[in-house]
Amino acid sequence: MATMKDVARLAGVSTSTVSHVVNNTRFVSDEIRERILKAVADLNYSPSALARSLKLNQTRTLGMMVTTSNNPFFAEVVAGVERICYQRGYTLVLCNTEGDPERLSHNLEVLLQKRIDGLLLMCTEVRSASSEVFGRHPPVPMVVMDWGPLGSIADQIQDNSEHGGYLATQHLIAQGHRRIGLITGPRNKLPAQRRLDGYCQALQEADIPFRPEYVVEGDFEFAGGISAMQQLLSLSERPTAVFAGNDVSAVGVYQALYRAGLRVPQDISVVGYDDIELARYLTPPLTTIHQPQEELCRQAVDTLLERIQGADDAPRIISLEPTLIQRESVYCIKRS
């Protein structure tokens, strides 16, 4: 296998000049550059990424820790992050925690041993064990994404979930609904709690009494949406509309209503949250709250790269604004 010394010898230049041409770090005359590039081609020389990373103290590799589930939202975000990394000239190494703190610590150890330049966190399992892992390695820049750990001393990119919950509930109220159910996610997840806060704010502004039996805690999964909707259907006065805390739960709502012989939206209107690609292909297409996924991915990667390049201002919280996407899953109740 050819080395940089072999290229330098064939081109008749120093190894440092070869390095400058290969890494594009200094001006070299066209004549010398052509000689070096010809020597590279003749020798089939391939620069060592490891050697370059040791010399520059950068691997141009980012790590990402994510808790995956059946929710397509996570897959769509990961794909977006990888695309932005590619556009910025970085490679992404993805690790799944599956909700297990021990697995998170193990994967974190592996990523830090590989000398990643920065880390994206989209999981909530960070505990003291992970702090011990960080303590054994040099500091690495981090950015916490939408579903990251609370209280993190790092830049945070997050969806304004409270406003999104408000928009969803307000839309149902504007269509004449007053008996509005809510299927939350786990209450210990910040997005779930904030969407509940937005729901309560919209009810209060419309002078609609809060009915605790209309709020069912779900798990942001398909099966959780089914069981939560079945619980709402068992009420003596069931809701005329349901705000599902995410689109995956809304899919479960559709299934529960289908099993009960009820129709969307004629019998019960439904609004979701996230605007995953599947939402537009449901029957009927789902009205939902759009999370700006592209902006979430771009802001997360670019903020992390700014830290890698030396930005030392105070940690930032960047809030992204959701919007309502109206489709066909909400029925307008005629008012007398």
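1. In this note, two elements are in contact when heavy atoms of one lie within 4.5 Å of heavy atoms of the other. The structure discussed is a predicted model.

2. Helix H8, formed by residues 161-174, lies across five named strands: S6 (180-184), S8 (241-244), S9 (269-274), S10 and S12. The direction of helix H8 is at about 160° to that of strand S9. Helix H9, formed by residues 190-205, also packs on the sheet, where it touches S6, S7, S8 and S9. Between the directions of helix H9 and strand S6 the angle is about 165°.

3. The sheet itself is open and contains 6 strands, arranged in the order S7-S6-S8-S9-S10-S12 with mixed pairing. Strands S7 (215-217) and S12 (323-325) each have a single partner strand, so each of these edge strands has one side without a neighbour in the sheet. From one strand to the next, the twist averages 20°.

4. Strands in a sheet pair through backbone hydrogen bonds, in either a parallel or an antiparallel manner. Strand S10 (residues 287-290) and strand S12 run antiparallel and are joined by 3 bridges. Within this region, Thr288 stands opposite Ile325 of S12.

5. Turning to the chain as a whole, its secondary structure comprises 12 helices and 12 strands. Of its 336 residues, 50% are buried. The chain exposes about 16,600 Å², and carbon and sulfur atoms supply 51% of that area.

6. A final point concerns contacts along the sequence. Among contacts between residues at least 6 apart in sequence, 75% join residues at least 24 apart.

Methods: Residues numbered from 1 in each chain as written. Predicted model: local features only at pLDDT ≥ 70, side-chain atom pairs only at ≥ 80, totals over all residues. Heavy atoms only, no water. Pairing = 2+ DSSP bridges. Helix = DSSP H or I, 4+ residues; strand = E, 2+ residues; numbered from the N terminus. Axes fitted to C-alpha atoms, helices over the stretch in contact; angles between N-to-C directions. Buried < 20%, exposed > 50% of the residue type's maximum accessible area, 1.4 Å probe, protein only. Areas by Shrake-Rupley, 256 points an atom, 1.4 Å probe, with all protein chains shown as cover.
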